[in-house]
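Me: Got a minute to walk through this one with me? I'd like to go element by element.

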Protein chains: 2
Amino acid sequence: MTTDQPVDDSFHVFDTTLRDGAQREGINLTVADKLTIARHLDDFGVGFIEGGWPGANPRDTEFFARALAEIDFQHAQLVAFGATRRAGIRAADDPQVKALLDSGAPVITLVAKSHDRHVELALRTTLDENLAMVRDTVQYLREQGRRVFVDCEHFFDGYRANPEYAKAVVRAAHEAGADVVVLCDTNGGMLPPQVQAVVSTVAADTGARLGIHAQDDTGCAVANTLAAVDGGATHVQCTANGYGERVGNANLFPVVAALELKYGRRVLPEGSLAEMTRISHAIAEVVNLTPSTHQPYVGVSAFAHKAGLHASAIKVDPDLYQHIDPELVGNTMRMLVSDMAGRASVELKGKELGIDLGDDRELVGRVVDRVKDRELRGYTYEAADASFELLLREEVEGRPPRFFRTESWRAIAEDRPDGSHANEATVKVWADGERIVATAEGNGPVNALDRALLVALERIYPQMAKFELVDYKVRILEGRHGTESTTRVLITTSDGDAEWSTVGVAENVIAASWQALVDAYTYGLLKAGVRPTES
Amino acid sequence: MTTDQPVDDSFHVFDTTLRDGAQREGINLTVADKLTIARHLDDFGVGFIEGGWPGANPRDTEFFARALAEIDFQHAQLVAFGATRRAGIRAADDPQVKALLDSGAPVITLVAKSHDRHVELALRTTLDENLAMVRDTVQYLREQGRRVFVDCEHFFDGYRANPEYAKAVVRAAHEAGADVVVLCDTNGGMLPPQVQAVVSTVAADTGARLGIHAQDDTGCAVANTLAAVDGGATHVQCTANGYGERVGNANLFPVVAALELKYGRRVLPEGSLAEMTRISHAIAEVVNLTPSTHQPYVGVSAFAHKAGLHASAIKVDPDLYQHIDPELVGNTMRMLVSDMAGRASVELKGKELGIDLGDDRELVGRVVDRVKDRELRGYTYEAADASFELLLREEVEGRPPRFFRTESWRAIAEDRPDGSHANEATVKVWADGERIVATAEGNGPVNALDRALLVALERIYPQMAKFELVDYKVRILEGRHGTESTTRVLITTSDGDAEWSTVGVAENVIAASWQALVDAYTYGLLKAGVRPTES
């Protein structure tokens, strides 16, 4: 199938990872996390990024201020989420509505009740006042120059209970100037035939442009989203990796993959689909959840074949055993027993880093073997480009780039009888032919180690002074042994201009951090143009 | 909806966890595992259990022998899976076919090619000979007194390529005496409308009784299975928890839940559905995979509510916010305590923990304020029920439950010149009126602290010996300041029977771990019925 239409306003890919996705149990996003995810989503090419509910909490308010100031959006428009005005007051007088305008977002999604019992029991107002609330708020925001989408909460349950009222809400939103009215399966209990029937009926009866927002409680959110498109919806609300409350939301990735590859409908910018696997994994890293190995299209197992019966036939024609070419979504076919890194991806990665591995099949093979060996031990290079580049350079140049040698280190964390904490570290390193011993204090043992290393080396490598650790993530691997497990640390370092990420794996968090710190400084010095001195 | 029909042969719930499910990357079942899973599936009430391919490997042969001898099946019939006879020989002369009979299984599923290119490229025979192979093998097994189902592999892709040939295979199987012809979406690339259309056309054109076997590569396997039922299929092949090759198979649990609760069709024995959550988790334990927290119907998050917005309305009427009553599938509603939550969710949470906050609005207000204040500082209670319960008890009882007091602690992590690591911790605590100083080593500083605390207190609280840290998560908060940030540690502890989670937040990972450890031991001792001694 080909995707020959251009991406335009006729179909909306609307992402709500930052708002509804954040409702997932276990996700707790900082403003910095939200900014990083927004960059990934814009990079991927979604049309709309719903960032949160400005005014509802200080974090969301800060996010909008910073996103609009700091992100140069290439594809997406930023969307603020909020509610219709309160009962009995003017939209212009409602501080909640004012906060939506104050956010500066060019697009606003208003959540509206469309289920009669919810109006009465949760909103505690009359059915007529609810319609007026929808009309007034949409009109007011339109007058203030904003584009407005209306999310009809609990629409499908409401439609079952009182179809005329549910449609009246859609009409009120549509006639007041909402560009899209989104039918939400908030409780997630629908199945595709019902969704398609309701969407096509409501479209015919109201004339409104419709969208779909599906929760995954029946395990059918992707299919329900596509059924709504079959019924006439031209706006799909999804979340990256299907994050969301309870079971989750319709997963952005299989939805756009189905639209592009199965429907032949271009809904993302050219080339975006091939970034899908990378973007999915990158967002999982930011929210600090292990990427699902069995996620459709993007999971590491999604194109993994347990050979046997099929092996020889796959060699003849892999298309006989795969519903799509995995490269279309940036994934790769794997024959099991072999591990994650294949030759092709190492070559590609080398090219991406500006290291030409040329036709040296033996060199590429060596790198693949080392990556496999290290990934088996818990390393991950997907999120640690700088460590991967150091590994690659070591294989290309025959020895690791090194600016200092570690003799030993020690970190002490202490809680004193008076309740104060003390953290102190000592490092003994060799650099420039000299043995240096340095001690420093910090907020914690890793911070103390970081500072001690800086104290030791700053005189020889003054460039180190501007390196700053900007993110630090810890994950315990082989989950069921508590503090005796293997620990993986991912560190992001900045020199003020660029950021780079490094990885360390060891039996405890301090030793793993030390490895990642050493990689971080080594990479930073290489990047600053300093020549490695030690061997 | 009610499910008023009895379970009979008119609809088949066919489970293939032991055959196709075992193809999942990371699953490797022993015969004992397979026997245990078969018991769970029979207990759950599926009609058919496909146990493997007898003759293909010794493990599957042994499984059939032992399952028929050892399991007193209450609901299920055991099914052996195998292939049609080889090209050019009689079915009676094919040792592979003989092994199917030798297994003793009363029902046999034969896999048959129905895609013309697969016949030519993978089977390397003619289209006519393939039809003869289907006919002969079915007839022969029927003559031997077995019930036969035929799985048409790659049916949907085959139907697209050559519909007449695909249907000829269905007719051959049907006319030779197969009770059900199962249409397989082997590559998993289909979407529900296609599946429904193909199934209803094939049913009309061939007159065969049809089944469906769907893989989940588009994320639509559950919906595809239901679409096939809508198209006339009366036999669904699924796997527990959706285990299977690549992304996986249609998940048994949401399929039967939809059929019973949404279609009102009785497909399992009375009372089975309420065992679904337990059975799902039990099978996950046997295959040694962590149960998916976000699996529809049965995940621990499937009925977990986070949004404060909804909590007050949930108190009025939980049905407004849930697509089904979780007890129907043996699950429970949970309120997550988070900064988005207010009074209503704290009250509901108290009730869940068996602590009646009654009408004490002032008490509830105090708890809400403390939760908000602590969440602002980085704590999260949604993933740390035990810490939340300790906080609640402190507010209800006026003082924190305490078994010991910490005077001080110190942890040392060291990397020695010879490359070896040393980790040592000393704790000074007061318990039972006594000052105790203890030192221990560990794999890392937190492990050493954990052990030192155990050494110090085990004599006074022998119950502590069976507490084990089973999971440990670290998150750096306010992400953009590296190792100087606030650190949050979540610890899960087990006493062999139950697990509980606690949280600690501090400026470094060791201090945060200490807090979470103290909560973990305090909660565990309370749970073991020990009375707090310190104040």
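Reply: Sure. One definition up front: angles run from 0 to 180 degrees between N-to-C directions, with axes as lines fitted to C-alpha atoms. And keep in mind that this is a predicted model.

Me: Okay, so which strands does helix α3 of chain B lie across?

Reply: Helix α3 (residues 95-102) of chain B lies across β3 (77-83) and β4 (107-113) of chain B. Relative to β3(B), the helix runs at about 175 degrees.

Me: And what do the strands β1 to β8 of chain B build?

Reply: They form a closed barrel of eight strands, in the order β1-β2-β3-β4-β5-β6-β7-β8, with parallel pairing. From one strand to the next, the twist averages 25 degrees.

Me: Zoom in on β7 and β8 of chain B. How many bridges join them?

Reply: Two bridges, between β7 (residues 210-214) and β8 (residues 235-238), and the strands run parallel. B:Ile212 stands opposite B:Val236 in β8(B).

Me: Switching to helices. At what angle do α7 and α8 of chain B cross?

Reply: Roughly 50 degrees, and the axes of α7 (residues 163-176) and α8 (residues 192-206) come within 10 Å. Angles from 65 to 115 would count as roughly perpendicular and those under 35 as roughly parallel, so α7(B) and α8(B) are oblique to each other.

Me: Is that crossing left-handed or right-handed?

Reply: The crossing of α7(B) and α8(B) is right-handed.

Me: Which residues meet there?

Reply: From α7(B) you have B:Lys167, B:Val170, B:Arg171 and B:His174, and they meet B:Val202, B:Asp205 and B:Thr206 of α8(B). By class, that contact has three charged, two polar and two nonpolar residues.

Me: Over to chain A. How do α15 and α17 cross?

Reply: At roughly 75 degrees, with the axes of α15 (residues 385-397) and α17 (residues 509-527) of chain A coming within 9 Å. That makes α15(A) roughly perpendicular to α17(A). A:Ala386, A:Ser387, A:Glu389 and A:Leu390 of α15(A) make the contact with A:Asp519, A:Ala520, A:Thr522 and A:Tyr523 of α17(A). Sorted by class, it has four nonpolar, two polar and two charged residues.

Me: Last topic, the interface. How many residues of chain B are in contact with chain A?

Reply: 92 residues of chain B, in contact with 90 residues of chain A. The chain B side has 41 nonpolar, 26 polar and 25 charged residues.

Me: And which strands are joined by bridges between the chains?

Reply: Strand β11 (residues 405-415) of chain A and strand β11 (residues 405-415) of chain B run antiparallel, joined by seven bridges. A:Ala411 has B:Ala413 as its bridge partner in β11(B).

Conventions. Residues are numbered from 1 along each chain as its sequence is written. Chains are lettered from A and ligands numbered from 1 in the order in which they are written. This is a predicted model: local features need pLDDT of at least 70, side-chain atom pairs count only at pLDDT 80 or more; totals for chains, interfaces and linings use all residues. Helices (H or I, at least four residues) and strands (E, at least two) are DSSP runs, numbered from the N terminus. Angles under 35 degrees count as roughly parallel, over 145 as roughly antiparallel, 65 to 115 as roughly perpendicular and the rest as oblique. A crossing is left-handed if the near helix is turned anticlockwise from the far one by less than a right angle, and right-handed if clockwise. Two residues are in contact if their C-beta atoms, placed from the backbone, lie within 7 Å. Ala, Val, Leu, Ile, Met, Phe, Trp, Tyr, Cys and Pro count as nonpolar, Asp, Glu, Lys and Arg as charged, and the others, Gly among them, as polar. Two strands pair if DSSP finds at least two bridges between them.
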